Amino acid sequence: MAIVDPELAAKTALKRNVFAVRDSAYRFRNGPEGFSALVFGTTNAKADHRRFVYCGLSAGRQLVFSRPFGLPDGQIVEASFRLAFAADPRSPDTLFFTCERTKQPEVDRSQLEAHQNGVVGISRIIMSEPYPSDFLFMCQELLRTSQSETHEHGIDIPAANGVISVFNGAGCQSELGIPIGAERGLRLRAIVFDVQSMSSIAELLKKNAIDCRARHNRIVVEPAAGQGAIFAFEEKPQ
């Protein structure tokens, strides 16, 4: 994301637009780049908002907005969305929200979903926290599940099409090869992508002079300018 009009962004934040408020606060504390929020698809953002309020996780009022969407033939149509926000006050630099497409243009998205690097989906999101179990309830409520797996490195909570992991310092070091400090609170660290071929992604990264390293069965790319998060790639099971 980028801010095109700083004055407009500031005015929007003053009107208590949750998205603008949280983004502004994150940039103030961490700089212009970083992994500040995680979005989940939903079919009912209104119900999500009510649930977040009931559970004490609401980060503020819902946001409804529209934006222009360009079709391949040059026609411009409107796409509309409703967002519901959730956060834990112990983690000021991590925001969660659900996004409902309330008006979706009928368009062939196949070209938008085909990537040169062979990525076919997101398999896991990794967060860090010295004591992951302290945030188990929050993550389960966020994902509307009672399921979880606890292990020596932290916790895994299943989502509809992937896994949300919270790792302690040993887990981050083992899984990603990065150290984390003793600072408390959830921090979004890494996106793990499913790819069709590990050899192909390795060749592409090398061709484009992108520094990476092998870690277990993954290829890990550390944060770079304009990226702000660790990108990891693993081969999708057949």
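C212 sits in the loop that runs between α6 (198-207) and β10 (213-215). The structure is a predicted model, and the description of this cysteine refers to that model. With a relative accessible area of 36%, C212 is partly exposed, because that class covers values between 20% and 50%. Apart from neighbours within four places in sequence, C212 is in contact with L205, I219, V220 and V221. C212 and A232 are 20 residues apart along the chain, and 9.1 Å separates their C-alpha atoms.

Other cysteines can be compared with the same cut-offs. C139 has a relative accessibility of 1% and therefore counts as buried. C99, at 19% relative accessibility, also counts as buried, since the limit for that class is under 20%.

Burial leaves open the matter of bonding. For C139, the closest cysteine sulfur belongs to C55 and lies 13 Å from its own, which is too far for a bond. A disulfide requires two cysteine sulfur atoms within 2.5 Å, and by this rule the count is zero disulfides.

The remaining topic is a pocket. The second largest pocket has a volume of about 230 Å³. Two elements, α2 (18-30) and β9 (187-195), each give two or more residues to the lining of this pocket. The largest share, three residues, comes from β9. In total 15 residues line the second largest pocket, and those nearest its centre are Y26, F35, L188, R189 and G228. By residue class, the lining of this pocket divides into seven nonpolar, four polar and four charged residues.

Methods:
Residues numbered from 1 in each chain as written. Predicted model: local features only at pLDDT ≥ 70, side-chain atom pairs only at ≥ 80, totals over all residues. Heavy atoms only, no water. 1 Å grid on protein atoms, 1.4 Å probe; cavity = no way out; pocket = protein on both sides within 12 Å on 5 of 7 lines; lining within 4 Å. Points joined across faces, edges and corners; volume = space filled by probe spheres on them. Helix = DSSP H or I, 4+ residues; strand = E, 2+ residues; numbered from the N terminus. Nonpolar A, V, L, I, M, F, W, Y, C, P; charged D, E, K, R; others polar. Buried < 20%, exposed > 50% of the residue type's maximum accessible area, 1.4 Å probe, protein only. Contact = heavy atoms within 4.5 Å.
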